[in-house]
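User: Got a minute to walk through this one with me? Pull it up and I'll fire questions.

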Amino acid sequence: MRNYPRIYRTIADDHFARCGQMAFLSGPRQVGKTTVGEGIASHYLSWDDDDVRKTMLLGQKAVVDKYALAALSRTDKVVVFDEIHKFSRWKQFLKGFYDVYARGMKIIVTGSAKMDVYKKGGDSMMGRYFSYRMHPFSVAELLDVSLPPDSLIRPPAKLKDADWEALLRFGGFPDPFIRRDQRFSRRWNALRVEQLMQTDVRDLTQIVELDQFSMLVEILSYRSGEQLVYKNLAVEVGVDEKTIKKWVKALKYLYYGFEVRPWFKNIENSIRKTPKWFLRDWSRIEDEGKRAETIVACHLLKAVEGWTDLGYGEFSLNYLRNKQKKEVDFLVVRDKRPWFLVEAKKSDTSLSDALGSYQRQTGAGHAFQVVLDGDYVDRDCFECTTPTVVPARTFLSQLF
């Protein structure tokens, strides 16, 4: 079975070459965090290991003593704490461990839930970490695991046909992508949802209405690419709107899906509040149009989060829609200024009128209609400054 390198190993190496802070690596279940961690660690300590968990409960010194972390070694120790967010006192543990024992160590913290709750309250770890958000395979990562160039945009390159087809069919999560077996993929997906409901929701949230929460998960699994109308969802699920918002937030926290919010600056009659919902795994989406839009959405989110995490600027992913329902699927914003527009299509090569209109209103430098079925073209998409139909195989290869 072929081994595919990950750009997140490159990011970890670059992180420790530049700074001594902890590296926080978070992302969905089964995205490859453990593989990256084990590949770089001299000491891999998982909260899910009974022996490790018992030792951590005794305190930082117990961990240092048991695993000989204070002993002299020829090279710096690389300590990986995996799934530590399941420890109710993980913030205090890491803060104390870093302050007392971090000299001479490289510390990586991985987790399958968003580890940004430490920003709240009085126990901030400001200055002690940098965070990196891990995503499934993308076209660009399958081609090149080096850090982005100064321009951020990579030269176009053609992904092998077999890899392209596997990415479209099985998604970017490593196990189903590499195995390329439909029966395995179905079972893997079912187990992932089961783990979400029976383990993550139970352990990491205070949600007790699991039957109704499961109903919401099922509904949202069919609505990738649609607007999130909380009021309507509340009626369908049978709970109040406030509860729906809390549950959607939990699904984002557990990396099941993500929201894309509208951009309204300089947009006449724009909507301002209603977000769009996307799954992080497109392999189960049967509708071809929604699948195409979700594939592009996931690639764009990976790019904007990767560029932001690496310090290239402040990037965000938005969409455009006005009250007359004229819409463009995505807008990538760089340092609060519109950079490029993207309309995602399965096969339609008739240029959307909305691209030109919104490019004029936003002042974005580029406007692309990205067609999933288009054949690869060996040309830099970002040379184009007017609305242009581009193949997804070319465009996605130039991202992150």
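Analyst: Sure. Strand β1 (residues 22–26) and strand β4 (residues 105–111) run parallel and are joined by 4 bridges. Keep in mind that this is a predicted model.

User: Which residue is the bridge partner of alanine 23 in β4?

Analyst: Isoleucine 108.

User: And what's the strand order in the open sheet?

Analyst: β2-β3-β4-β1-β5, 5 strands with parallel pairing.

User: Which strands stand at the edges?

Analyst: β2 (43–46) and β5 (129–133). Each has a single partner strand, so one side of each lacks a neighbour in the sheet.

User: How much are neighbouring strands turned against each other?

Analyst: By 20° on average, direction ignored.

User: Which strands does helix α5 lie across?

Analyst: β1, β3 (77–82) and β4. Helix α5 covers residues 90–101 and runs at about 170° to β4.

User: Switching topic. At what angle do α11 and α12 pack?

Analyst: About 100°, with the axes 8 Å apart. α11 is residues 230–237 and α12 is residues 241–253. The two helices are therefore roughly perpendicular to each other.

User: Which residues make that contact?

Analyst: From α11, Tyr230, Lys231, Leu233, Ala234 and Val237. From α12, Glu241, Ile244, Lys245, Trp247 and Val248.

User: How do they divide into nonpolar, polar and charged?

Analyst: The contact of α11 with α12 has 7 nonpolar residues, 3 charged and no polar.

Conventions. Residues numbered from 1 in each chain as written. Predicted model: local features only at pLDDT ≥ 70, side-chain atom pairs only at ≥ 80, totals over all residues. Heavy atoms only, no water. Axes fitted to C-alpha atoms, helices over the stretch in contact; angles between N-to-C directions. Parallel < 35°, antiparallel > 145°, perpendicular 65-115°, else oblique. Contact = heavy atoms within 4.5 Å. Nonpolar A, V, L, I, M, F, W, Y, C, P; charged D, E, K, R; others polar. Pairing = 2+ DSSP bridges.
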